[in-house]
Amino acid sequence: MTQTFSPVPASRQADSDETFLSVRGIEKRFGAFTALESVSLDVKRGEMVCLLGPSGCGKTTLLRTIAGLERQDAGQLHAGDRDISLLPPQARDYGILFQSYALFPNLTVEDNVAYGLHAGQRKLSRQQRHARVAEMLGMVGLSGSERKYPGQLSGGQQQRVALARALAPSPSLLLLDEPLSALDAQVREHLQLEIRRLQKEFRITTLMVTHDQEEAMVMADRIAVMNRGRIEQFGTPGDIYRRPASPFVADFIGQSNWLPFTRISGSQVAVGSLQLEIQPEEEELASGRLFCRPEAVELFPAEQATNRFRARVVDRIYLGNRYRLALSAEALPGQTLLADVMGDAHERIDAMHGANGPEGIWISLPRQALQVFV
Ligand SMILES: Nc1ncnc2c1ncn2[C@@H]1O[C@H](COP(=O)(O)OP(=O)(O)OP(=O)(O)O)[C@@H](O)[C@H]1O
Ligand SMILES: [Mg+2]
């Protein structure tokens, strides 16, 4: 298979600040069940937004509502300067791609892609259609496959054809519902980058559903994390990872440490038998949980570092580019603390005597890495 593969542009910015798709207060009920509860979301022109969340949280329902395949019970949808809230699907001007390739098995690749053009608004001559199909197949790296049937293609190739079909009429919005989840890991990673490259090259406003946090991190300019029919946080991958807005978001994205605390005063909290300093601007709860990412745990801190205490290495997992240590500390009874460290810190531990023994090593929880939640 020949690939038209080029590096993903370094820019993570949408190409303008102008909102293209505006979702306002969308509610959707199925009988007594509320699938979407007051969902609002602005997608900028040319931006790639991922809807991320666990199974059943309402991702597909939101995408189908935007596509006009479900009718909202309340709320408005705008695309560009058009109110599309009540338009039928064919008048909404989007391309859509689902998990299953949904190609017509009895049509050739060419006819499958051209099918998207029939559905489009513009009337094209046979020749123009032929040229457009060739262009689209070239774009997804499948030049020369015109005469094949879907059954003669791999899953990844079929999904490329489906993508070519969705993009052929130059829709102003691309809607993707787990388009890669049926593919094996390698093909999937490759297509993640390729879809992103095409999306950026064509500056096509894209909303993509996924339940895979890594996929969302790789592909999205911004991520909307959904839970039980609501958006819990909408931000860049970095925002969401570094400053999760809720315990749900913190746990859904990446690894977390949770330490129950009671407040002593101002910026001092008691955790186990430790007194830890937190940022004064953290919420003033009498008690709650401290959240901290494993890579924020500092090993071998300076002697005067705040929040320094001794811990013992009880387990370690090799993660390829780093190690994840499980630490236990006398001052934190019943708790295991995860710490991600790079190879050099790990070598230093390896060379030490007693890191696994009762003596242990010095670690610290830097105050700026500690976030307070209920
Ligand atoms: N047509 C329907 N009738 C009744 N309930 C529905 C219907 N469609 C969806 N639901 C319910 O709405 C909720 C959200 O479903 P949705 O398909 O949007 O979830 P999802 O986030 O896409 O999940 P997944 O990751 O499993 O695809 C689920 O509880 C589902 O059972
Ligand atoms: Mg779904």
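## An antiparallel sheet of five strands

In this predicted model, 5 strands come together as an open sheet whose order is β13-β12-β11-β14-β20, and the pairing within that sheet is antiparallel. The edges are taken by β13, which covers residues 274–277, and by β20, which covers residues 371–373, each of them pairing on one side only. From one strand to the next, the twist of this sheet averages 45°.

At the β20 edge, the neighbouring strand β14, made of residues 287–292, is joined to β20 by 3 bridges, and the two strands run antiparallel. One residue pair can be named here, since F291 has Q371 of β20 as its bridge partner. As a general point, the strands of a sheet pair through backbone hydrogen bonds, in either a parallel or an antiparallel sense.

## A mixed sheet of six strands

A further open sheet is built from 6 strands in the order β6-β7-β8-β3-β9-β10, and its pairing is mixed. Its edge strands are β6 and β10, the latter spanning residues 230–235, and each pairs on one side only. The twist of this sheet averages 15° from one strand to the next.

The edge strand β6 pairs with β7, which is formed by residues 173–177, in the parallel sense and over 4 bridges. Within this pairing, L97 stands opposite L176 in β7. Helix α4, running over residues 155–167, packs on the sheet and touches both β6 and β7, with a direction that makes about 165° with that of β6.

## The surroundings of ligand 1

The residues around ligand 1 are F30, F33, A35, G53, S55, G56, C57, G58, K59, T60, T61 and H211. Sorted by class, this shell holds 4 nonpolar, 7 polar and 1 charged residues.

Two elements, β2 with residues 33–44 and α1 with residues 59–67, each supply at least two residues of the shell. Of the elements that contribute, α1 gives the most, with 3 residues.

## Two residues with positive phi

Most residues other than glycine have a negative phi. Against that background, S38 has a positive phi of about 45° although it is not a glycine, and D93, likewise a residue other than glycine, has a positive phi near 65°.

The settings of these residues can be described in turn. S38 is found in strand β2, an element that also supplies residues to the shell around ligand 1. D93 is found in the loop between β5, residues 82–83, and β6, residues 94–97.

Which count of C-beta atoms places S38 among the partly exposed residues? S38 has 14 other C-beta atoms within 10 Å, and it is therefore partly exposed, because that class lies between the limit of 12 or fewer for exposed residues and that of 20 or more for buried ones. D93 is also partly exposed, because 18 other C-beta atoms lie within 10 Å.

## The chain as a whole

The protein chain contains 9 helices and 20 strands, and its C-alpha atoms fill a box of roughly 80 × 45 × 35 Å along the principal axes. The domain assignment gives domain 1 as residues 10–249 and domain 2 as residues 259–373, and the centres of the two domains, taken over C-alpha atoms, are separated by 41 Å.

Of the 374 residues of the chain, 35% count as buried. Among contacts with a separation of 6 or more, 67% are accounted for by residues that are 24 or more positions apart.

Methods
Residues numbered from 1 in each chain as written. Chains lettered and ligands numbered in written order. Predicted model: local features only at pLDDT ≥ 70, side-chain atom pairs only at ≥ 80, totals over all residues. Domains from an automatic or database assignment. Near = placed C-beta within 6 Å. Nonpolar A, V, L, I, M, F, W, Y, C, P; charged D, E, K, R; others polar. Pairing = 2+ DSSP bridges. Axes fitted to C-alpha atoms, helices over the stretch in contact; angles between N-to-C directions. Contact = placed C-beta atoms within 7 Å.
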